[in-house]
Amino acid sequence: MSQRFFPAGTVLLLLVTLGCLAGPSPNPTPTPDPFPYLVILVIDGCRPEYLDLAPLPHLEQLAREGVTFERAWVGQVVSNTPPGHATIATGTLPSRHGLVSFWWKEAETGEVVWPTRHEDVRVGEETAILEAAGVPTFASLYRRRHPAALVAATGGYKSFAVAALGLDADAVLFAYMPSAENVRRDRFSGNEERASPAGWRVVPETVPGQEPPVGSLNDPTLFRAADLGPGDGDVWAMDATLALWEEMRPQVLLVNLPDVDRYGHAYGGPADPERMAQLLVNVDAQIGRLIEAYKAAGLYEQTVFIVTSDHGMIAGDRYLGEGDLPGPLVEESIRAIVGAHVWLRDSTQAGAVAEAIERARVAGLWGAYVKVEAEDGGFRYRPGPGTAAQLSDEEAWAYEALLNTVAGPRGPDLFLLTEENLLVGGKPEILGHHNTLTWGVQHIPLIIAGPGVPQGVVSQAPARLVDIAPTALALLGIEPEGMDGAILTDALLHPDPAWVRREQEQAALWWAVQEVLIAAGAEGSP
Ligand SMILES: [Zn+2]
């Protein structure tokens, strides 16, 4: 992509930043432990503005000690939890790692595949999907360099987030609620506590072959009644994390904190800043507990901490239910429409459905992209004819670049283009959502702090989820082989010039896409 998309201000900022940071070569002090440590904390469904809603001393401390990426974004579609976490774990895009959403339709067979249900995650089905993609993982590249190192992923009740984060990890630990029906399938059926059909309980659970030390998996304090209130899911996640950490001390720890997303859906996210502030105060306290554990173990100074989210959240100023959507779209789609991505019963109807959407002129739903087979045998997304007529070349190119992150046999047949803060489908009582192609969904927080990271820097680099693993590996002195993302060199005190060049090439492209999304959000439809 040509440099014409690279905004002059960004070039200047990047150069100034690098100029300021270029100095004498690093002079690392030897540490008693040969391993660099890493913690990645994913606050699920967290908008960057949430971090300003209340004093959050631990997150503020990490920001002071590191780099805040103000223009961090998801940088891919579909913007929901499974693909986001798979991308963080692998440094590859959904078009490669193949976990494109919670479920999808396989283009070749027409079969609907749904490996993210809790019952399937805990028997390894989601993990198997990702393993079959043959993509690199954070864990495997780290362990190739440090064979004795331990990698673990933990979290709460979002099993599908933790299992994806924990691809190739030594241990995976999440919360599970066995129901009477699940008990029949329970491979722990000899364990009365787990197998108890009496009422719903939260129990620690894992993935076959990735069992954590038995003390954390059977920790009696992690068996609780299932009526979790706001913030309790994050407390459970950190209790489990600390239980595992005490036994295992993994060099790499990947954590999902689920409640900001869950209650963002329930409260409407940014529409209820008071309750979101309470959730963030609790998240900050949980992160503080982890930081305290690292300090007590004498490991804090050699640990890189990364805090981010898998996607943002929008509150619906307006809501489009199925009754508001064009008939052919509702009739042809597989299952209920939730958000901008749609699989059709008959994929060959995608063009016709896109034209029906364009003809219907539903307020707030201003266009559609269709998946087409490309000449090289792969797939691409192209605007419907009425949509193309509304878009400038730059806008058309930007949407296509973003949609092509999931272009492949599993990618959705259709993407809907909607105005900002418009909820599409789902249940009307869900007040917040994040499945549209808008900046409010794409914009996420990203803080990177620790050894080798400049302190107190604010970067404007358009950092994507796919850049996190390469950047973390670079900070740990490991080449991120085979990954799609770029190394975010603003996070490095002494970046390799080749990494800076690669990042600039990608940044030009993605900055331009961000500008299109931000402008569309500010103006409504083009
Ligand atoms: Zn969500």
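This report walks through the sheets, helices, core and unusual backbone spots of a predicted model.

**Overall picture**

Let us start with the whole chain. The protein has 526 residues, of which 52% count as buried, and its secondary structure comprises 21 helices and 20 strands. Long-range contacts are well represented: among contacts between residues at least 6 apart in sequence, 74% join residues at least 24 apart.

**The ten-stranded sheet**

Ten strands make up an open sheet with mixed pairing, and their order is β8-β7-β6-β5-β9-β1-β10-β19-β2-β20. At its edges are β8 (224-225) and β20 (457-459), each of which pairs on one side only.

Strand β1 is a good place to look inside this sheet. On one side, β1 runs parallel to β9 (residues 252-257), joined to it by six bridges; here V39 has L253 of β9 as its bridge partner. Six bridges also join β1 to β10, again in parallel, and V42 is partnered with T308 of β10.

How many of the residues of β1 are buried? Seven of its seven are, which leaves the strand mostly covered. In a regular strand the side chains alternate between the two faces of the sheet. For β1, one face carries Y37, V39, L41 and I43 and the other carries L38, I40 and V42, and all of these residues are buried, so both faces are covered.

Further along, β2 (residues 66-69) and β19 (residues 446-449) run antiparallel and are joined by three bridges. Within this pair, T68 stands opposite I447 of β19. A helix also lies across this part of the sheet: α20 (residues 468-475) crosses β1 (37-43), β10 (303-308) and β19, and runs at about 165 degrees to β10.

**The four-stranded sheet**

A second open sheet has four strands in the order β13-β16-β14-β15, with antiparallel pairing. Its edges are β13 (341-342) and β15 (379-383); each has a single partner strand, so one side of each is left without a neighbour in the sheet. Two bridges link β13 to β16 in antiparallel fashion, with V342 opposite L414 of β16.

Two helices pack on this sheet. Helix α16 (residues 350-360) touches β14 (365-373) and β16, and its direction makes about 170 degrees with that of β14. Helix α18 (residues 393-403) touches β14, β15 and β16, at about 145 degrees to β15.

L414 ties several of these elements together. Leaving aside neighbours within four places in sequence, its contacts are V342, L344, A350, V353, A354, A368, Y369 and V370.

**The nonpolar core**

The largest nonpolar core has 148 residues, and the members that touch the most others are I40, A164, L414, L416 and A472. Helix α12 supplies the largest share, eight residues. Where does this core lie with respect to domain 1 and domain 2? Domain 1 (38-314 + 441-491) and domain 2 (320-430) both contribute residues, so the core lies between them.

**An enclosed helix**

Helix α3 (residues 81-90) deserves a look of its own. Ten of its ten residues are buried, so the helix is largely enclosed by the rest of the structure. Among them are H85, I88 and the two prolines P82 and P83. Just after α3 comes G91, with a positive phi near 60 degrees.

**Unusual backbone geometry**

Most residues other than glycine have a negative phi, and most peptide bonds are trans. The following places depart from that pattern.

| Site | Feature | Value |
|---|---|---|
| V77 and V78 | cis peptide bond | omega about 10 degrees |
| R249 | positive phi | near 45 degrees |
| N421 | positive phi | near 60 degrees |

These sites fall in loops. V78 is found between β2 and α3, R249 between α12 (232-248) and β9, and N421 between β16 (414-418) and β17 (422-424).

Is N421 buried or exposed? With 20 other C-beta atoms within 10 Å, N421 is buried, because 20 or more is the cut-off for that class. R249 has 17 C-beta neighbours inside 10 Å, and therefore counts as partly exposed.

Notes. Residues are numbered from 1 along each chain as its sequence is written. This is a predicted model: local features need pLDDT of at least 70, side-chain atom pairs count only at pLDDT 80 or more; totals for chains, interfaces and linings use all residues. Two strands pair if DSSP finds at least two bridges between them. Two residues are in contact if their C-beta atoms, placed from the backbone, lie within 7 Å. Axes are lines fitted to C-alpha atoms, for helices over the stretch in contact, and angles run from 0 to 180 degrees between N-to-C directions. A residue is buried if 20 or more other C-beta atoms lie within 10 Å of its own, exposed if 12 or fewer, and partly exposed in between; C-beta atoms are placed from the backbone. A nonpolar core is a set of buried Ala, Val, Leu, Ile, Met, Phe, Trp, Tyr and Cys residues joined through C-beta atoms within 7 Å. Domain bounds come from an automatic or database domain assignment.
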